[in-house]
Amino acid sequence: MPKHRARFLATLMASLLVAWTAVACSTTSPDDGDKPVVLTTFTVLADIAANVAGDRLQVESITKPGAEIHGYEPTPADIRRAAQASLIVDNGLNLEAWFAQFMDDLDVPHVVVSDGITPIDITSDAYAGKPNPHAWMSPLNVGIYADNLAEAFAELDPDGADGYRANAAAYKNELAAVQKDLVSSLDALPANERALVTCEGAFSYLARDAGLTERYIWPINAEQQATPQQVAAAIDFVRDNRVPAVFCESTVPDKPMQQVVSATDARFGGTLYVDSLSEADGPVPTYLDLIRHDVDTIVAGLTGTSPAS
Ligand SMILES: [Zn+2]
């Protein structure tokens, strides 16, 4: 082969290699580098997972801040995104009604973060006897979530195992501090103000930890919610117990609770966060903010110490 021809071929091969590398790299966006992607079903789990992941994994949420999580309908883009992920994180306990079907089409490992918690059963309506899925509303349960995440991440990325376990341990210290504040803040409420009335029955775990009586208009967000009977029952409870304030959650309309306010002497105590974080510049950009915000709102609402937020 003539020398100039060999040189031409070598140059051609080199340019092809450069072109191929460019194509291969363009499938990863510039800011996530080569980190494995961990995809959670909702924003609360994404924040908890990011605390355990540190900077070794790219943690993202399928649903956006403010999204309704129970009856979410995944889009084709969600499925494409999930197919590229290294690990998918769901809450379990039937929170994500859409999840089993979503995973049917995917060959990606997933971890159920609520594994090992002691569930509280729902006591009313069609869901009676089923576990209440909102286990993260007890920071002590989130300690179990953090351990489950650390083990799943260790399996995904064994080199980072010690780091994930250390991150989980540090986060559990923060959870314990928030739990202590939660109990002492709500413990200060007088006996006649120890009722927590909300739209969805999402506060069973928090109410148990804080020794509050929980009442709600409907047990779980679903298509059939806030029936006239459910609203009437909430009105009776608030009247009979002279409940001073009632609350509703950020991901559902508060109109049914405003009907309770109109029909009773209770005031509207404010918006609570359960099924979603706020945007980064909102009141609850992290899970720990969510718990602090809810406790502050409940105490202020029930004691009438500050205007409704
Ligand atoms: Zn919910």
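Hi everyone. Helices H6 and H10 are roughly parallel to each other, because the angle between them falls under 35 degrees. This is a predicted model, so please keep that in mind as we go. The angle in question is about 5°, and the axes of H6, residues 161-187, and H10, residues 287-303, lie 10 Å apart.

Who meets whom in this pair? On the H6 side we have Glu 174, Val 178, Leu 182, Ser 185 and Leu 186. Facing them from H10 are Leu 288, Ile 291, Arg 292, Val 295, Ile 298 and Val 299. If you sort the residues of this contact by character, you get eight nonpolar, one polar and two charged.

Now let's turn to a second helix pair. Please find H8, residues 228-240, and H9, residues 255-263, whose axes come within 9 Å and cross at roughly 40°. That angle makes H8 oblique to H9. As for handedness, the crossing of H8 and H9 is right-handed. H8 brings Val 231, Ala 234, Ile 235 and Val 238 to the contact, while H9 brings Pro 256, Gln 259, Val 260 and Ala 263. Here the split is seven nonpolar, one polar and no charged residues.

Next, the sheet. In what order do its four strands come? Reading across, the order is S2-S1-S3-S4, in an open sheet with parallel pairing. At the edges sit S2, residues 58-61, and S4, residues 110-112, and each of these pairs on one side only. From one strand to the next, the twist averages 25°.

Let's zoom in on strand S1, residues 37-40. With S3, residues 87-90, S1 pairs in the parallel sense over three bridges. Within that pairing, the partner of Val 38 in S3 is Leu 87, and Thr 40 stands opposite Val 89. S1 also runs parallel to S2, and four bridges join those two strands. Thr 40 turns up here too, with Ser 61 as its bridge partner in S2.

How does the chain get from S1 to S2? It goes through H2, and this β-α-β crossover is right-handed. Helix H2 itself, residues 43-53, lies across S1, S2 and S3, and runs at about 170° to S2.

If you'd like one residue to start from when you open the model, try Thr 40: follow it to Val 89 in S3, then to Ser 61 in S2. From there, look up H2, which lies across S1, S2 and S3. Thanks for listening!

Technical notes:
Residues are numbered from 1 along each chain as its sequence is written. This is a predicted model: local features need pLDDT of at least 70, side-chain atom pairs count only at pLDDT 80 or more; totals for chains, interfaces and linings use all residues. Axes are lines fitted to C-alpha atoms, for helices over the stretch in contact, and angles run from 0 to 180 degrees between N-to-C directions. Angles under 35 degrees count as roughly parallel, over 145 as roughly antiparallel, 65 to 115 as roughly perpendicular and the rest as oblique. A crossing is left-handed if the near helix is turned anticlockwise from the far one by less than a right angle, and right-handed if clockwise. Two residues are in contact if their C-beta atoms, placed from the backbone, lie within 7 Å. Ala, Val, Leu, Ile, Met, Phe, Trp, Tyr, Cys and Pro count as nonpolar, Asp, Glu, Lys and Arg as charged, and the others, Gly among them, as polar. Two strands pair if DSSP finds at least two bridges between them. A crossover is right-handed if, with the strands pointing away from the viewer, the path from the first strand over the helix to the second runs clockwise.
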